[in-house]
Structures are given as C-alpha cells and as structure tokens.
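Student: I would like to take a close look at a single part of this structure, the sheet and what packs around it. Could you walk me through that part slowly, in one connected answer?

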Amino acid sequence: MKPSQDRATSGGRSSPPGREAGARVVTIANQKGGVGKTTTAVSLSAALAQVGCRVLLVDLDPQGNATSGVGVRGENAAATVYDVLVDDIPVDDAIEPTAIRNLFVVPATIDLAGAEIELVSAFSREGKLRRALDTAREDFDYILIDCPPSLGLLTVNALTAADGVLVPIQCEYYALEGLGTLRRNTDLIQANLNPALEVVGFVLTMHDGRTRLSQQVVENVQKHFGDRVFSTRIPRSVRLAEAPSYGQPITVFDPGSRGAVAYHRLADELLLRFRPPDLDQGRLASVAGHEGAGT
Ligand SMILES: Nc1ncnc2c1ncn2[C@@H]1O[C@H](COP(=O)(O)OP(=O)(O)OP(=O)(O)O)[C@@H](O)[C@H]1O
Ligand SMILES: [Mg+2]
C-alpha cells in the first residue's frame with residue numbers, strides 16, 4: 001500500500017533532496033535482550049502519531065513483536081521487511097496501516113531470521129534498508145526501527161539507515177554491560193557506512209523509584225552519558241507488560257497509565273531533541289494533556 005494514499009494530508013510537501021529532509025530515522029538498539037526496545041519502539045511510535053506526526057515503525061526483529069504490538073498480523077501482510085531486504089520489493093508495498101491514525105508499520109515475521117544469512121552475499125548488504133527507506137522518508141516525520149537483540153547484519157542495516165540511535169537501558173544490575181560494544185559498533189558504522197549517525201539518547205526503562213538499585217543505575221548512567229540521557233524515565237508497570245497481548249500500544253490500551261504518560265513525555269523530548277527539519281508545527285496537537293503524572 002502506498003502510504004500517501006491513505007494518510008492524513010501531507011501538507012503539500014515536495015520531495016526535498018538530501019538526507020536531512022523528510023523523516024528523522026531513529027533506530028532503537030541495544031544488543032541486550034529484554035531491555036524494552038520493542039516496548040519503546042511501539043509506545044513512542046504511537047505517542048508521536050497521536051500528537052500528529054506521521055510515523056512509520058519498521059520491525060526489524062524476526063520475533064515480530066513490534067508488528068503484533070501495533071495490532072498487525074505479519075503472516076497476513078501482503079509483504080514484509082524480509083521481502084524488502086532480500087527480494088528488493090519497494091518499501092511502499094510492505095507498509096501496512098494500523099488502527100492508529102498516522103501510524104504505519106513495515107511488518108516482520110520469523111522469515112526474517114533467514115535474511116541475516118541470505119544477505120551475506122548481497123551487494124552492499126549493509127545499506128539495503130537505507131536504500132529501501134529513501135523513498136519513504138518524504139512521506140513521514142519519523143521512521144522508528146526496532147532491532148533484534150544482537151549486533152548482526154539486521155542491526156547494522158538499521159544503524160546504517162538511521163539518522164540517530166536511541167538506546168533503551170533497563171534499570172538492573174548489569175545495565176551498562178555491552179554498551180561499550182554497542183558504542184564501538186556505532187563508531188565503526190559512523191566511520192565506514194553512515195557518517196551522519198548521531199546518538200539521540202539513552203532512555204532508562206523499567207525504573208522503580210522505590211528501589212536503591214534503580215537509583216544507582218540512574219546515577220551510573222547519568223555519570224557515563226550526561227545530558228544524553230533522556231530526563232523521562234519509563235516506570236516498571238504491569239500495564240506496559242499487558243498491552244502487547246491486546247495488540248495495542250500502551251497509549252491506546254491505557255492512556256491514563258503511568259507508562260502511557262511516560263511515553264508521551266518521551267515523545268515530547270524526542271520532538272525537542274531530534275526534530276524533523278521541515279516538521280510543520282501547526283500539524284501537531286497540544287501535548288499539554290499529558291502533564292501531571294509521575295514516573
Ligand atoms: N516499563 C516496563 N514495565 C514492565 N514491563 C515491561 C516494561 N517494558 C517492557 N516490559 C516487558 O518486558 C519484556 C521485554 O520488553 P521488550 O520486549 O520491550 O524488550 P526488548 O528489548 O525488545 O526484548 P528483545 O531483546 O527480546 O527484543 C516484555 O515482556 C515487556 O512487555
Ligand atoms: Mg524486541
């Protein structure tokens with residue numbers, strides 16, 4: 001489906017040349033498993049769409065959790081991200097609408113697990129996703145990419161396609177483990193494949209303000225990364241864990257919950273820190289309604 005056929009008005013935007021124009025592509029990565037990558041990709045995508053941004057969520061994990069998290073069944077989709085990467089079909093043909101206005105998804109299924117191997121011999125394999133997304137950039141304000149828990153070829157494709165990387169860090173004892181490796185990989189990609197890649201920021205997830213451990217992790221992460229840590233912390237919340245089984249982002253599943261409020265705040269922070277250069281402010285709804293709940 002061609003997204004511009006069924007989306008809110010594009011504001012008459014022409015196709016500006018150069019990578020800076022159009023969507024901001026944000027890759028959500030951390031090779032550690034279960035730190036909140038998918039929850040962040042899904043919830044942040046929904047929160048951005050709900051304030052009026054046009055958002056494309058790209059599921060780059062064979063687990064397909066971002067796909068089901070926005071209520072789409074990858075098996076029923078006409079095409080998936082696998083077809084885009086391996087068979088070079090246009091990304092427009094793999095874009096599915098969701099129940100949320102302004103939010104679209106490129107689904108993934110377990111087939112994607114084979115792509116890491118099938119792409120090994122492909123020409124310029126690290127740049128496949130970047131080239132595929134080039135045509136979609138002008139149709140969206142944000143493109144968010146959910147990565148698998150590894151630093152394999154799929155994550156390399158996501159980092160090569162990105163303008164910025166956002167790293168969720170779970171508030172637990174081994175929080176900083178592996179971040180040095182992620183940093184080295186990001187530096188390598190910056191040096192060799194994508195000089196424009198920026199670190200958008202680190203977001204603390206599953207935070208529990210009552211525990212000393214969470215406080216220690218916050219202090220540690222802030223000491224290491226300073227103002228690159230988002231001031232919004234995502235609370236540990238049962239409602240956030242329940243939302244995926246209903247195929248709804250938390251901001252739809254339980255809009256008043258602490259998790260939903262936190263992700264709306266994170267969306268506000270992202271809009272301040274990493275704004276698409278030609279975003280039309282008039283199109284964005286007021287976000288004042290999200291004030292007031294603590295994390
Ligand atoms: N803030 C939170 N509070 C409570 N549970 C959470 C929170 N964030 C995520 N979870 C739950 O923790 C589990 C891991 O989260 P998620 O799937 O987002 O992590 P991930 O980094 O994408 O994992 P993977 O590395 O396997 O892709 C899920 O069951 C999710 O529902
Ligand atoms: Mg995940």
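Tutor: What follows goes from the whole protein to the sheet, and then to the helices and the core around it.

Please keep in mind that this is a predicted model. The protein has 11 helices and 7 strands, and of its 295 residues 49% count as buried. Among the contacts with a separation of 6 or more, 79% are between residues 24 or more positions apart.

The 7 strands form an open sheet, and if you follow the order β3-β4-β2-β5-β1-β6-β7 you will meet pairing that is mixed. At the edges stand β3 (96–97) and β7 (198–205), each of which has a single partner strand, so one side of each is left without a neighbour in the sheet. At the β3 edge, the pairing with β4 (residues 103–106) is antiparallel and is made over 2 bridges; here P97 has F104 in β4 as its bridge partner.

Now look towards the other edge, where β6 pairs with β1 as well as with β7. Strands β1 and β6 run parallel and are joined by 3 bridges, with V26 standing opposite G164 in β6. The pairing of β6 with β7 is likewise in the parallel sense, over 7 bridges, and the bridge partner of G164 in β7 is E198. Of the 7 residues of β6, 6 are buried, so this strand is largely enclosed by the rest of the structure.

Helix α8 (residues 212–225) packs on the sheet, where it touches β6 and β7, and its direction makes about 170° with that of β7. One residue of helix α8 is H224, which is partly exposed, with 14 other C-beta atoms within 10 Å. H224 and L176 are 48 residues apart in sequence, yet their C-alpha atoms are 9.2 Å apart in space.

Helix α6 (residues 153–161) deserves a careful look as well, since 8 of its 9 residues are buried, so this helix is largely enclosed by the rest of the structure. The buried residues of α6 are L154, T155, V156, N157, A158, L159, T160 and A161. The elements that cover them include the strands β1 (24–28), β5 (142–146) and β6 (164–170), together with the helices α4 (115–118), α5 (128–134) and α7 (179–192).

A link between these pieces can be followed from I145, which touches V25, T27, I28, V58, L60, A158, A161 and A162, leaving aside residues up to four places away in sequence. I145 also belongs to the largest nonpolar core, a set of 83 residues in which L57, I143 and I145 have the most contacts. The largest share of this core, 8 residues, is supplied by helix α11 (residues 258–273).

Helix α11 in turn meets helix α1 (residues 37–50), and their axes come within 8 Å and cross at roughly 70°, so α1 and α11 are roughly perpendicular to each other. In this contact S43, L44, A47 and L48 of α1 meet Y263, H264, L266, A267 and L270 of α11, and by class there are 7 nonpolar and 2 polar residues, with no charged ones.

How values were computed:
Residues numbered from 1 in each chain as written. Chains lettered and ligands numbered in written order. Predicted model: local features only at pLDDT ≥ 70, side-chain atom pairs only at ≥ 80, totals over all residues. Core = buried A, V, L, I, M, F, W, Y, C linked by C-beta atoms within 7 Å. Buried ≥ 20, exposed ≤ 12 C-beta atoms within 10 Å, placed from the backbone. Helix = DSSP H or I, 4+ residues; strand = E, 2+ residues; numbered from the N terminus. Contact = placed C-beta atoms within 7 Å. Axes fitted to C-alpha atoms, helices over the stretch in contact; angles between N-to-C directions. Parallel < 35°, antiparallel > 145°, perpendicular 65-115°, else oblique. Nonpolar A, V, L, I, M, F, W, Y, C, P; charged D, E, K, R; others polar. Pairing = 2+ DSSP bridges.
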